Amino acid sequence: MKFALIDGEKREAERGINGVCLGCGQLMRPVCGAIRVRHWRHKVDCDCDHWWENETEWHREWKGYFPSEWQEVRHKDYATGEWHIADVKTDRGYVLEFQHSFLKSEERKARNDFYGENLVWVVDGTKRKKDRSSFDAALKETKQMIPNTSIVKLSAFVGDCPLLRDWSDCNVPVFFDFGSDVPLWCLMPKTAKKSQYIFPYLRQNFISLHNGLLNGKCFSDFNTLLFSKIFAHENPELVVAAKHSQIQSKQPPIVRRQIMVPRLSLRDLNYLVRPPRRQFKKYRK
Ligand SMILES: [Zn+2]
């Protein structure tokens, strides 16, 4: 782990000092070798968090984008007593899980169930050699985009892309990280019509959003906007009905209540995929 407790304070591993695990409370010793990233290891084998994976530079880089008090947070379900250590838990309650290694579907389901709707996955798309090429091929195959947006509807061809196939069973957004030269790709949960959509997301914007540094906008606002655009695309008749009944009556119609009304506009959504410099310039006006 990156952190251990020393006199109740979260500290990174340093030679010559011992700490206490912030998950299980057992003693930990620092490992400060040249090969692996500096970390803490339990002094004796114990039943700590069995979901924990050995950390790579990739994990550390991602965690480092967030305040240290948000990193490695013990998250307990008080109803069952089960606990796990979240990679990052933001001040808005989102749990960001950075997944580098392959995860069996039952393990993924267990984590989805444990963290619920506040979970956000960030998956290392560079771990397996062919993931990026099969993902690019799946994108190429997919021609359908929601008009005026960068939201792409995935075709049935997805079955040939292991990454998309593996992660398509999540009911929370999954972000694929294919390296710093390309945007993150956000895979949205399956819709009621069993379709799936993906959306490019600039890494810097993802980080700024969670850190509350994108002009007061927050991650949930963008999620709501994405869901509403997709919903409207799949259910144009309901949107027309909603607009019509809005004109007919001052009372909020039932259909309207089913459509999430975003606090953001389409312009905000499209700025998510643009470089921050331009975006901030625009917002400053
Ligand atoms: Zn432990």
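**Exercise 1.** In what order do the eight strands of the open sheet stand?

*Solution.* A word on the model before we start: it is predicted, local features need pLDDT of at least 70, side-chain atom pairs count only at pLDDT 80 or more, and totals for chains, interfaces and linings use all residues. Residues are numbered from 1 along each chain as its sequence is written.

Step 1: Strands are DSSP runs of E with at least two residues, helices are runs of H or I with at least four, and both are numbered from the N terminus. Two strands pair if DSSP finds at least two bridges between them.

Step 2: Following the pairs gives β6-β7-β8-β9-β11-β12-β13-β10, with mixed pairing.

Step 3: β6 (71-76) and β10 (152-153) each have a single partner strand, so they stand at the edges and one side of each lacks a neighbour in the sheet.

**Exercise 2.** Find how β9 is joined to β11.

*Solution.* Step 1: β9 (residues 119-124) and β11 run parallel, joined by four bridges.

Step 2: For an example, look at V123, whose bridge partner in β11 is F176.

**Exercise 3.** Work out which residues of helix α3 are buried.

*Solution.* Step 1: Count the other C-beta atoms (placed from the backbone) within 10 Å of a residue's own: 20 or more means buried, 12 or fewer exposed, and in between partly exposed.

Step 2: In α3 (residues 131-141), the buried residues are D131, F135 and A138. Seen down the helix axis, they fall within an arc of 60 degrees (taken from the directions from the axis to the C-beta atoms), so they line one face of α3.

Step 3: Turn to the other side of α3, and you meet S133 and K140, which are exposed.
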